[in-house]
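Grab a coffee and open the model next to this page. Below are some exercises, each followed by a worked solution.

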Amino acid sequence: MFSKNLVSELSNQLNQILDSLVWVYPELVLAGWFLGILLLDLVWRNLPYRILAGITGLGLGLTAVLVYRQFVDFQPLSGNLFLGMLQLSPAAIYFKFIFLLCIACTVLLAGRSRLFRRTKPPYAEFLALLLAMGLGLHLLAMSVNLLMIYLSLEVVSLSSYILAAFHFNQKASEGSIKYLLFGAFSSGVMLYGMSLLYGFCGTLQITDNQFVTGLAQADGMAVLVAGFLAMAGLLFKISALPFHLWTPDVYQASPTAVVAFFATAPKIAGVLVLWQFSQVLGKIDFWLGNVKVEWTDLLAVLAILTIIFGNFSALWQTQAKRMLAYSAIAHAGFLLIPLVAANELGRQSLFFYLTVYVLMNFGAFWLVELMSQVADYQIKSYEGWGNAYPILGLGFLVVMIALTGLPPTAGFTAKLLIFSALWEAYQSSQNQLLLVLWVVGLLNTVVALYYYLKIPFYLFLRPLPTPPNPILTVRKLDYAWLILLIFPLIFWFFKTDWLMAMLKMLV
Amino acid sequence: MVLLLFYFFCFLIVVSAFLMLLTRHILYAAFLLLLTFLGIAALYALVGADFLAVSQVVIYVGGVLVLLLFGIMLTHQPVGGQPSAAPQTESRNLWWGALTGIGFFALLAQVIYKADFTSKAWIVSAESQKRLLNNSSIPHLGANLMTHYLLPFEIIAILLLVALVGATLLASRKS
Amino acid sequence: MQNYLLSILIFLPLGAMVGILCLPNSQKKTFKIITLLVTGLQLLVSLVIYATYAVSKGSPAGVYHTSGFQFAERVEWIRLDLGNLGQLSIDYWLGVDGLNVMLVVLTGLVMFVGAIASWQIQTKVKGYFALYLLLSSSLMGCFVALDFFLFYLFFEFMLLPMYFLIGIWGGERREYASIKFFIYTLFGSLLILIAMIALYLSVIDPHKTARQAGLAEKSQVIDNQILTKTQDKLAEGTLPANNRVHTFGLPMMMDKANYLPNASLQPNSGSETWTMRALIFWALLLGFAIKLPIVPFHTWLPDAHVEAPTPVSVVLAGVLLKIGGYGILRIAYSIFPDMAIEYASWVASLGVLAIIYGALNALAMADLKKMVAYSSVSHMGFVLLGVASLTAEGVNGAIFQMFSHGILSAMLFIIVGVLYDRTHDRQIEHYRGLSQAMPYFTGLVMIAFFASLGLPGFSGFIGEVFTLLGSFKSTKIAIGISVVAVGGIVLGAAYFLWTLQRMFLGKFWVKDAQWKTQLHDLYPAEWLMLGGLAAATLVFGLFPSLVFNLTSQSVEVFLGLFVK
C-alpha cells in the first residue's frame with residue numbers, strides 16, 4: 001500500500017520518536033505513578049494519607065532526579081521531540097522543577113489541613129489527580145504545537161475541575177461546576193481560535209517558520225481575533241480578564257491546598273505558553289485599515305484591565321481566600337507585563353516574578369490554612385492573633401508585603417524588574433499605551449497595599465477577643481515550611497543577583 | 001451538486017442546533033442533537049474525510065447519544081409529561097446578551113470572510129494533491145497517528161482516564 | 001575606623017533591635033535602657049561627624065562631586081546582567097555633604113529625645129522599642145544614602161514601623177490615622193519609584209562602564225580622561241549596549257554626560273512644554289511633597305500627629321517631614337535643575353500655599369496638638385519656598401529651617417505630651433492661666449512658642465528670614481509670592497500668641513477641678529528634654545554659623561547645577 005520511499009521515511013520517523021523517548025523520562029514516571037497510585041488504591045483500600053503521600057513523594061523525588069539529569073545532559077540540539085510536538089528548553093526544565101515543588105507543597109499542605117482530613121476525601125484519587133496534573137503541566141511547559149498545548153491544557157483543566165470539588169459539599173460542587181462551565185467555554189473558544197490559526201498557516205507548530213509567514217500574510221484583523229481566541233484557554237488558566245470569573249468562587253469553595261496549587265503551577269504554565277505564543281505573534285504588525293496595531297497592544301489592554309479589576313474588587317473582600325483570589329487576578333495582570341515588554345529583560349524578570357510568586361502564594365495559603373484552625377476564613381476573625389503568635393504574624397506580614405511589592409522583599413525586586421523591562425520597551429517603541437500600563441500598574445500598588453494590609457492590621461492592631469478562641473497549634477513542621485518559603489523572599493531581595501544569574505542561563 | 005448538499009447540511013445543523021437551544025423538553029433536545037451530529041458527519045464526508053464521518057456516526061450517534069437517550073429515559077418523566085418548572089434564576093440582560101452575541105457573530109463572520117481561506121497557499125497545494133491520493137484516508141490517518149500524532153494520542157488516553165476517575169469519584173460521592 | 005561611622009549609625013540600632021527581639025518579654029526596663037543607650041550613642045556618633053566634618057575652601061563639597069562626600073562608604077551590592085540592556089548596579093553607598101550633615105545631627109538629637117519621651121510607654125514594650133529602633137535605623141539610612149535604590153529602601157522601610165507605632169500605641173482614632181498615613185506616603189513613594197525606574201535606565205555609571213567596556217584595565221586607576229572618553233562614546237552611540245552599566249547612584253544622575261543619548265530623560269532632549277523630564281520631575285516633587293507635606297496632600301499629617309503617641313509625634317514632625325524637603329533638594333532639584341528653574345514659581349506658590357493654609361488652620365484649631373500639627377505644615381512651607389528660590393540664602397535658609405523646625409516641633413509636641421500625660425485632654429479652652437500652676441513649664445513653652453513664631457535670637461527666626469530673603473532676591477519667582485509668604489509670619493505670630501494668652505495667662509482655671517492636683521510642674525526627664533531643646537534653639541539662633549559653615553559650600557555646589 002505504501003511506496004518504498006514512504007516506508008523508509010516512516011521507519012525514520014519512528015526512530016526519531018524512540019530517540020525522543022529519552023527526554024520524557026520524568027513525564028513517563030509521572031504517568032506511571034499516576035496509574036500506580038490508582039492501582040494501589042484498588043488493591044489496598046483506605047490506606048492512610050501519610051503512606052500514600054509518602055509514595056507520591058517518592059515519585060516526585062524520582063521525577064526531580066530525572067529532571068535534574070535532563071538539566072545536566074541538556075544540549076541545545078536535542079530540542080525538538082516527537083517530530084515537533086515538544087521542545088525541551090532550559091526554561092522548561094527549570095519550571096518543571098518548580099511544578100514538582102508546587103505539587104510537593106500541595107501534598108504537604110493537604111496533609112496539614114484539618115478540614116481536608118475531617119471530610120476524608122479519597123486520598124488516592126486526590127494524589128493521583130495531582131500527579132496527572134503535574135504531567136499535564138510538564139507537557140504544557142514543553143509544548144510548541146497547538147494540539148499539544150490544547151491537550152495538555154485539557155489534562156490540567158480536567159484534573160482541576162475534579163480537585164476543585166474535593167470538599168464534596170454543595171459549595172464545592174457549585175464552585176467546581178462554575179469552573180467546569182467557564183473552563184469548557186474558554187477551551188471551546190481556544191479550539192476555535194486554534195483552528196482559525198491552522199487555517200491561516202497550515203501548520204500547528206508555532207515555532208515553525210511556516211506558522212509565522214502564514215500569519216504575516218493573512219489579514220491583520222483576522223489574525224488578531226484568532227490569536228486572541230486561541231489565547232482564551234491560557235488566559236483562563238492564569239485568571240486574566242475576561243476569563244477570570246471562576247476565580248473567586250473556586251478559591252473560596254475548594255480545599256486550600258488545591259487553591260494554592262491552582263494559584264501557582266497552572267498559572268506559571270499558562271504564562272510560559274503565552275510567552276511562547278506572544279514571541280511568535282509579536283513579530284507581526286497588524287494593520288486595521290491604516291492603524292498599526294501590535295500584538296503587545298492587545299496584551300497591554302488586557303493587563304491594564306486585569307490589574308485594575310483585580311485590585312479594586314479585592315478592596316471589598318472580607319474573606320481571606322476570596323481576597324487572595326482577586327489578588328491572583330491582579331497578579332495575572334502583572335504577569336502579562338513582561339509579555340508586553342517582550343524583551344530580554346522581560347524574559348528574565350518574568351522568570352524571577354514567577355519564582356517569587358510561587359513562594360509568596362504558598363506562604364500565604366499555608367498561613368491562611370493554619371489560621372483556619374481558630375478562625376474561619378474571615379479576615380476579621382484574625383483579630384489579635386498576631387500578638388499571641390508573633391512569628392506567625394511576622395510571616396503574614398512578610399508575605400503580604402511581598403505580595404504588595406514593597407521592599408525589603410523579593411516581591412519588590414520582581415516588580416522593579418518587570419516595570420524596568422516595560423520602561424525599556426516604552427523607550428524603544430514610544431508606544432503611549434505602554435506608558436499608561438506602566439503608570440497604572442505602579443500606582444495600583446497603593447490599592448493593593450490597602451487590602452493586603454488588612455490581614456496584618458487585624459492581626460496586630462486589634463486586641464484578641466476574650467475569651468480567646470480555641471487553641472492554635474503550630475507544629476515545628478509548619479515553622480520549618482514557613483521559614484523555607486518566606487526566607488528566600490527576603491534573601492533574594494538582598495542577593496537578587498544569585499537568583500538572576502541562574503535565571504539568565506535559561507535561554 | 002456538492003455545494004447544494006453542503007448548504008443543505010449546514011442548514012440542517014444550524015436549525016437543529018438552534019431548536020435544541022429553544023426547546024424546553026430534554027428528549028426533543030436529544031433528538032435534535034442527533035440531527036446535528038448527523039449533519040456534521042455528512043459535512044465530513046463531503047470534504048473527503050470518510051473515516052472521520054464514519055467515526056462520527058458510530059461514536060457520537062451510535063454510542064454517546066444512545067447512552068444519553070437511555071439516561072434521559074430512565075431518569076426523566078415520560079414524553080408528553082409536563083416540562084419541568086421554569087428555571088429559578090431569571091434571565092437578565094437579555095438584550096445585552098443578544099447584542100453581544102450578534103456582534104460577536106458579525107465579527108467572526110467578518111474574520112472568516114476576510115481570511116479568504118480558499119486562496120491560502122497551503123490549501124491550494126493540498127487541493128491539488130488530493131487527486132493523487134487513493135480514495136481512502138485511513139492509511140494516512142493510521143500512519144500519522146503512529147508517528148506525528150503519537151504523543152497526543154497517548155496523552156488523550158491519560159486525559160480520558162482522568163475524566164473517568166473524576167466521573168466515578170463525583171458520582172459515587174453524591175450524598 | 002572613621003570610615004564606618006555612617007554604617008554604625010544605621011546598623012547599631014538594627015543590631016540592638018535584634019537583641020531586643022531575642023530578650024524575653026518581661027525585661028521591660030532593659031528594652032528602655034538599651035534604646036536610650038543606642039540612640040544616645042547615635043547622637044554621639046552624629047556629633048562626632050558634625051565636629052569632624054571638614055570645611056575647607058577649595059575642596060569639592062559633595063552634591064555631584066563623587067569624591068567630595070565625607071565619611072563615604074561605597075561597596076557594590078547588587079550587580080545584574082540585563083542582557084542586551086547592559087548591566088544594573090546597585091551600590092551600598094553612604095556619604096555626607098552639606099545638604100545632609102545637619103539632618104544627620106538632627107536625627108540623632110530627635111531620636112534621643114524621643115527615646116527619653118518613650119520612657120512612659122507601658123504596653124507591648126518589646127514591640128514598641130524594637131520598632132522604634134528600626135525606625136531610627138531607616139531614618140538615618142534615608143539621610144545618608146547616596147544610591148537611589150538604597151534611599152528608596154530606607155524610605156519605604158520606615159513606613160512599616162511608623163504604621164505600627166501609630167496603629168498600636170496611638171490614640172482613639174489610631175487605626176484610621178495609621179492607614180491614612182501609610183496610604184498617602186506609599187502613594188508618594190510610588191511616584192518616586194516611577195521616577196527611579198525611569199532614571200536608572202537612562203543613566204550609566206562612567207566608572208563601571210569604562211571597566212565593563214574594556215576602556216580601562218582592571219588595575220588601572222580611572223582618571224578624568226577615561227571618564228570623558230567613556231561619556232563621549234556613549235553620546236556618539238558607539239558604546240555597545242551590553243557594556244553599559246546602569247546605576248542608581250544619585251551623583252551620577254546629576255551629570256548630563258551620563259545619560260543615554262536616546263533616553264527620553266536626556267537633558268538636551270528637545271524643548272516641548274511637557275517633556276518626559278517635566279513629568280518625572282513632577283512625580284518626584286509630588287512624591288516628596290506628600291511627605292513634606294504640601295497642602296492638597298497634607299491631610300494625613302494632622303491625623304497621624306494627633307493620634308500618634310508623644311514620642312512618635314516628635315519623631316514624625318522632627319525628622320520624617322524633613323525627608324520630604326531633603327529629597328526635593330537631593331533628588332528632584334539636583335537631577336532636574338532645568339525643570340526646577342522652569343517651574344520655580346509653581347513650586348514657590350505651593351510653598352506659600354502651605355504657609356498660609358497651615359497657619360490659618362492652626363489659628364482655627366481647638367485641639368492643641370492639631371494646632372501644633374498645622375503649624376508644622378506652615379513651617380515646612382518655608383522650606384519649599386527657600387528651595388524654590390534657588391539662591392544661596394534661600395537654600396541655606398531652607399536647610400536651616402528644616403533643622404530648626406526639627407528641634408522646635410519636637411519641643412512643641414513634648415509640650416503637648418506634658419499636658420496630655422497629666423490630664424488626658426488637649427483642648428485649648430479647657431485650660432487657663434497655667435502659668436500659675438506650672439511656672440517653669442510655662443517658661444519653656446514661651447521659649448518654644450516665641451522661637452517658633454520667629455522671634456530674633458531663636459533658630460526659627462534665622463530659618464524664616466533666610467528663606468524669605470532668598471525668595472525676595474530670587475529672579476525665578478515672582479515678588480508677589482514672597483510678599484504673601486510674609487503674611488504667614490504674621491499669622492504664625494497670631495496663633496502662637498493667642499494660644500499662649502488663652503492657655504497660660506490670666507487666672508488659673510481648668511475644666512475639671514480634679515486636674516488641679518494633677519498639673520504638677522515638670523519632671524526631671526521633661527526638664528531634660530525641653531531644656532536641652534530650648535538651649536539648642538537658642539544656641540543655633542544666636543550662632544547660625546554653626547549650621548551655615550557646614551552647609552554653604554555644598555549649597556554653592558548645588559546652585560552650580562542651575563547655572564550650567
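**Exercise 1.** How many residues lie between strand 3 of chain A and strand 4 of chain A in their hairpin, and which residue in the turn has a positive phi?

Before solving it, some housekeeping: this is a predicted model, in which local features need pLDDT of at least 70 and side-chain atom pairs count only at pLDDT 80 or more, while totals for chains, interfaces and linings use all residues. Residues are numbered from 1 along each chain as its sequence is written, and chains are lettered from A and ligands numbered from 1 in the order in which they are written.

*Solution.*
- Step one: find the strands, residues 285-288 and 291-294 of chain A, which pair in the antiparallel sense over four bridges. Strands are DSSP runs of E with at least two residues, helices are runs of H or I with at least four, and both are numbered from the N terminus. Two strands pair if DSSP finds at least two bridges between them.
- Step two: look at the turn end, where A:Leu288 has A:Val291 as its bridge partner.
- Step three: the hairpin has two residues between its strands, and A:Gly289 in the turn has a positive phi of about 65°.

**Exercise 2.** Find which pair of chains has the most contacts, and work out what each side brings.

*Solution.*
- Step one: two pairs of chains touch, and chains A and B have the most contacts. Residues are in contact if their C-beta atoms, placed from the backbone, lie within 7 Å.
- Step two: that contact takes 38 residues from chain A and 26 residues from chain B.
- Step three: on the chain A side, helix 7 (146-164) is one of the elements giving two or more residues, and helix 7 of chain A gives the most, with 10 residues.
- Step four: sort the chain A side by class and you get 30 nonpolar, five polar and three charged residues. Here Ala, Val, Leu, Ile, Met, Phe, Trp, Tyr, Cys and Pro count as nonpolar, Asp, Glu, Lys and Arg as charged, and the others, Gly among them, as polar.
- Step five: now try chains C and A, where 27 residues of chain C meet 26 residues of chain A. Helix 7 of chain C supplies the largest share of the chain C side, 10 residues, and that side divides into 19 nonpolar, four polar and four charged residues.
- Step six: check chains B and C. No contact joins them, and their closest C-alpha atoms lie 36 Å apart.

**Exercise 3.** At what angle do helix 1 and helix 2 of chain C cross, and which residues of helix 1 of chain C meet helix 2 of chain C?

*Solution.*
- Step one: the axes of helix 1 (residues 5-22) and helix 2 (residues 28-52) of chain C come within 10 Å and cross at roughly 175°. Axes are lines fitted to C-alpha atoms, for helices over the stretch in contact, and angles run from 0 to 180 degrees between N-to-C directions.
- Step two: so helix 1 of chain C is roughly antiparallel (an angle over 145 degrees) to helix 2 of chain C.
- Step three: the helix 1 residues of chain C that meet helix 2 of chain C are C:Leu5, C:Ile8, C:Leu9, C:Leu12, C:Pro13, C:Ala16, C:Gly19 and C:Ile20.
- Step four: the contact has 14 nonpolar, three polar and no charged residues.

**Exercise 4.** In what order do the strands of the open sheet in chain C run?

*Solution.*
- Step one: three strands form the sheet in the order 1-2-3, with mixed pairing.
- Step two: strand 1 and strand 3 (245-247) of chain C are the edges, each pairing on one side only.
- Step three: the twist averages 25° from one strand to the next.
- Step four: strand 2 (residues 87-96) and strand 3 of chain C pair in the parallel sense over three bridges, and C:Gln87 stands opposite C:Val245.
- Step five: add helix 1 of chain C, which lies across strand 1 and strand 2 of chain C and runs at about 70° to strand 1 of chain C.

**Exercise 5.** Hunt down some unusual backbone spots.

*Solution.*
- Step one: recall that most residues other than glycine have a negative phi, and most peptide bonds are trans.
- Step two: the peptide bond from A:Pro407 to A:Pro408 is cis, with omega near 5°. Likewise, the bond from C:Leu292 to C:Pro293 is cis, with omega near 0°.
- Step three: A:Gln430 has a positive phi near 55°.

Conventions. Angles under 35 degrees count as roughly parallel, over 145 as roughly antiparallel, 65 to 115 as roughly perpendicular and the rest as oblique.
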